Amino acid sequence: MNPWDQFTGVNAGYVYELHERFQRDPSSVDEATRTLFASWSPDADAETPSREAGTAATDTAAAIGAFNLAESIRRFGHLAARLDPLGIAEPIGDPSLDPQSHGLTKDALARLPASIVSGAAGGSAGNALQAIEELRSFYCGTTGHDYHHVFVPEERVWLRQAVETRQFRPPNDPVNALDLLDRITQVETFERFLHRTFPGKTRFSIEGLDMMIPILDEIISDAASAGVQHVMIAMAHRGRLNVLAHVTQKPYPQVLAEFKDPLFARSGRIDLGWMGDVKYHAGARFVVAGQGRPQSLTISMPPNPSHLEAVDPVLAGMARAAATNVDKPGKPELHADKVLGILIHGDAAFPGQGVVAETLNLSRLDGYDVGGIIHIIANNQLGFTATPDESYSTSYASGLARGFKIPIVHVNADDAVACIEAARLAWAYRHRFKLDSLIDLVGYRRYGHNEGDEPAFTQPAVYQIVTSHPTVRELYARQLVADGVISQDAAEGLVKTRMASLEEAYAGLKPEQDYVPPLPEVPPVGAARRAQTGVPLERLSALNRELLSVPEGFSVHRKLERGRERRAAIFDQPGERSVDWATAEELALATILEAGTAIRLTGEDVERGTFSQRHAVLHDAVTGAEHVPLGALSTARASFEIHNSPLSENAAIGFEVGYNIQEPRRFVLWEAQYGDFINGAQVVLDEYVTSGRAKWGLRPSLGFLLPHGYEGQGPDHSSARVERFLQAAADTNIRVANCTTAAQYFHLLRRQALLLETDPLPLFVLTPKSLLRHPLTASTPRELAEGRFQLVIDDAEARKQANKVRRLVLCSGKVYVDLVSSEQRKTAANVALVRVEQLYPFPLDEIREVLDAYPKLHEVSWVQEEPENMGAWEFARPHLDQLLDGRWPLRYIGRVRNSSPSEGSAAWHALNQRAIVAQTFEEKADTRDADRVLSKQV
């Protein structure tokens with residue numbers, strides 16, 4: 001053995017330097033080193049370095065230069081990789097990849113031993129020059145490995161070893177060439193058939209990125225072999241129909257029937273507001289039998305709107321739900337090995353859409369971890385018409401992923417075998433480290449953004465090349481023919497066979513029968529009204545005691561002790577109003593856990609609560625140790641988890657939407673720091689929460705807790721913008737509530753949990769802020785035990801003297817407390833204050849019943865804090881007009897129309913609040929004009 005072979009890289013350079021010193025002066029090195037080098041002295045029978053190696057050993061600068069060149073190739077080689085199939089985007093390269101930058105020539109490299117390069121390349125080459133060239137083939141070919149931003153040494157070393165040993169590439173990991181060719185043929189002929197049969201019809205062809213399907217095949221196959229039971233794929237339009245047909249196995253007749261656009265009025269459900277969606281937004285689900293595995297494999301794809309990356313957090317939430325076991329009390333168990341999420345992004349959307357960064361930020365957070373998602377960028381090198389220079393500031397479309405320490409493989413979509421290697425590497429990394437990985441699949445787009453678009457208007461030079469560029473099927477078939485693997489006739493025969501299959505499916509097509517819309521289920525009528533939500537006092541009292549208990553030696557913060565002492569006594573007098581909002585909430589959640597329904601509660605500062613009201617996670621005042629009372633509940637029959645979310649709404653809510661869609665029988669709640677923060681999630685609310693059932697047959701049922709109320713805190717912390725939810729309310733698609741008591745909130749939460757099985761709908765709750773501890777919102781324990789959620793609450797005092805009431809005031813939420821606690825209320829026996837606790841579905845029957853109870857009524861007023869064009873007024877008005885039918889005049893009392901939700905001045909706010917109260921109780925006035933005059937004076 002050559003003694004120099006035991007040293008590689010910088011170690012070899014260091015040893016060469018020591019040896020050079022030893023040769024000049026043996027005393028310049030320590031005794032142990034002298035003894036070692038003496039044993040290497042030239043000897044007729046010893047294996048010693050050749051004359052060339054000995055020369056290299058004295059050239060320390062060259063050795064270090066060679067090592068640095070090798071490291072530059074590993075780090076920056078992807079900049080010289082040939083990634084563009086069209087050859088238009090020349091690799092930018094880097095000076096550090098040139099030997100001359102390191103003071104090297106080919107001759108100098110040839111004189112150095114291969115071991116200076118280190119790694120697999122150094123082990124198989126005859127000298128450093130050969131090792132460097134082999135290293136270039138790894139890093140500067142049609143694949144660019146981009147992983148040096150991964151800071152964890154174990155991960156980085158694993159990636160380097162996998163790349164340089166060609167662990168996932170033939171011949172080390174064989175590819176069945178004929179099967180791969182047939183698969184690419186199937187992908188291509190599908191697109192060609194659609195293009196010929198339905199000219200001009202939008203399909204967002206996969207052509208130019210055909211290898212996406214084999215990449216998915218490879219990842220799914222490897223994942224299934226590793227025990228994954230559910231693969232979830234989310235993507236935008238590009239290639240979606242091909243993935244649906246060939247990965248989720250959507251039958252050809254159904255795909256083709258959707259192109260026929262059949263009239264399906266007979267199967268539609270107009271009463272449920274069914275509208276459907278375009279074919280390239282649809283989802284799918286397919287179950288593959290075990291095939292030798294103990295478990296079957298489910299492959300699913302959620303629907304996705306034209307907001308291209310909106311599905312990203314939804315997919316992540318779905319994966320979390322599917323991987324989580326919630327059957328036991330305490331914290332849920334995450335089994336990330338059971339589920340794999342795959343996200344396919346667009347090259348313009350990945351860097352352009354902020355929800356991508358928000359979703360990536362969730363990946364390593366405790367409450368959002370899914371064991372890693374594999375990302376694939378379907379890189380056309382073109383947006384709709386925008387070029388990369390117009391689309392992102394990073395070097396690659398994938399640049400954002402670097403900040404999240406995600407390893408990236410850039411691969412030329414025309415190199416079929418390289419694409420398979422990239423797929424294998426991405427899965428292997430995810431499987432080993434349970435972290436995200438990314439494939440940047442660099443290809444092109446054969447047609448315009450859609451098939452009716454003319455791309456040559458904006459990219460004429462590119463599309464001259466595209467028109468004549470061979471497909472990946474043609475390229476791979478040529479290679480296999482040249483290698484003698486298949487004949488040209490046999491390769492063409494694959495095309496004919498696949499085309500014949502499509503023609504046969506089309507010939508037998510019956511669009512009216514083959515089209516299967518995902519219609520929503522019909523909920524039972526009246527389920528919400530029948531829900532029984534009371535809980536016996538004895539049970540509530542026992543739960544309260546256990547929730548107040550802490551582990552032995554646990555030190556509760558002294559400022560919390562006084563409130564906990566008061567709470568311990570609330571059941572001593574069941575008729576006293578001693579139950580505040582937070583207590584009612586915790587008791588409701590405890591009873592839901594006892595009933596066997598798992599709970600996931602997340603949001604901004606949700607563990608403590610924005611207003612320091614919840615304290616669902618207690619922190620030991622001395623040690624900082626945590627205690628979660630609901631998680632430690634001995635009588636719970638399901639798990640409880642609570643997590644502070646990152647300061648995000650779009651991805652955070654999208655994640656909960658996905659979790660809820662995947663596991664609709666779990667009680668999922670998200671809370672905003674302030675209600676208006678939900679504005680940041682408007683896309684996911686519009687696309688999935690409010691219209692998901694009408695478009696895609698989804699049944700979301702998650703709850704939103706949105707602090708709302710005008711208290712002089714300015715435009716951004718006053719309104720939860722309830723008008724936006726009400727504007728989207730139709731066909732009983734959501735529930736919206738604005739409770740005024742703790743008992744109402746208790747019963748509302750319990751009702752929502754009970755309806756998860758029978759009548760699931762999203763729930764928007766406008767929760768209080770200053771009223772959290774207000775005595776008028778407190779309830780008696782008996783109201784929790786014996787009551788139920790009331791859609792409308794009549795004025796109990798006014799009802800006693802119903803004949804005196806002339807004006808009936810309808811209001812909702814905090815403004816009721818302002819009215820009922822005012823001085824004017826004491827002398828206004830002619831005014832009844834009626835609370836509309838549920839805003840949607842609008843409780844017309846209950847309001848009619850209240851109206852009928854006041855025989856001498858002269859007028860009805862709607863009072864709200866919000867401006868006239870906000871709040872519930874404009875939604876409620878047509879319903880009330882229909883109900884009143886001219887029997888009584890309907891008046892509006894509140895702030896005038898405005899573009900801003902509220903005043904920026906606390907003093908101005910207080911003045912307007914007083915005006916609203918005064919106008920509510922005044923004898924006569926055109927209240928709208930009075931408010932306008934007041935506003936002008938202020």
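Start by selecting Lys695 and Trp696: the charged end of Lys695 sits over the ring of Trp696, 4.1 Å from the ring's centre. (A charge sits over a ring if NZ of Lys or CZ of Arg is within 6 Å of the ring centre and within 35 degrees of the ring normal.) Now pick Arg835 and Tyr816, where Arg835 lies over the face of Tyr816, at 4.1 Å from the ring centre.

Before you go on, know that this is a predicted model, in which local features need pLDDT of at least 70, side-chain atom pairs count only at pLDDT 80 or more, and totals for chains, interfaces and linings use all residues. Residues are numbered from 1 along each chain as its sequence is written, and side-chain values use heavy atoms, with hydrogens and water left out.

**Rings meeting rings**

The structure holds 19 aromatic pairs. Rings of Phe, Tyr and Trp (its six-membered ring) pair if their centres lie within 6.5 Å; planes under 30 degrees apart count as stacked, over 60 as edge-to-face and the rest as tilted.

Select Phe193 and Tyr506 for an edge-to-face pair, 6.0 Å centre to centre with 75° between the planes. This pair links distant parts of the chain: Phe193 is in helix 9 (residues 177-197) and Tyr506 in helix 21 (residues 488-507), 313 residues apart. (Helices are DSSP runs of H or I, at least four residues, and strands are runs of E, at least two, numbered from the N terminus.)

Is Phe193 buried or exposed? Phe193 counts as buried because its relative accessibility is 1%, while Tyr506 is partly exposed at 28%. Buried means under 20% relative accessible area, exposed over 50%, and partly exposed in between (1.4 Å probe, protein chains only).

Next, try Phe842 and Phe875, an edge-to-face pair at 6.2 Å centre to centre and 80° between the planes. Phe842 is in the loop between strand 22 (838-840) and helix 36 (844-852), and Phe875 is in helix 37 (residues 873-884). Both Phe842 and Phe875 are buried.

For a group of rings, select Trp158, Phe168, Tyr429 and Phe433, which form one aromatic cluster.

**Along helix 24**

Colour residues 537-548, which make up helix 24. Its twelve residues should span 16 Å at 1.5 Å a residue, and the end C-alpha atoms are 17 Å apart, so the two agree. (The expected span is 1.5 Å times one less than the number of residues.) Among its buried residues are Leu537, Leu540 and Leu547. The buried residues of helix 24 pack against helix 25 (558-568), helix 26 (581-594), helix 31 (742-754) and helix 32 (781-786).

**Into the cores**

A nonpolar core is a set of buried Ala, Val, Leu, Ile, Met, Phe, Trp, Tyr and Cys residues joined through side-chain atoms within 4.5 Å. Which residues have the most contacts inside the largest one? They are Phe704, Leu706, Phe764, Tyr854 and Trp862, in a core of 129 residues. Zoom in on Phe764: including only partners beyond four places away in sequence, the residues it touches include Ile678, Phe725 and Val736. (Contact means heavy atoms within 4.5 Å.) A second, separate core of 105 residues includes Phe138, Met211, Phe259 and Ile342.

**Last stop: a sheet**

Show the open sheet of five strands, in the order 19-21-20-23-24, with mixed pairing. Two strands pair if DSSP finds at least two bridges between them. Strand 19 (792-793) and strand 24 (890-895) are the edges, each pairing on one side only. Inside, strand 20 (residues 807-811) and strand 21 (residues 831-836) pair in the parallel sense over five bridges. To finish, click Arg807, which stands opposite Val831 in strand 21.
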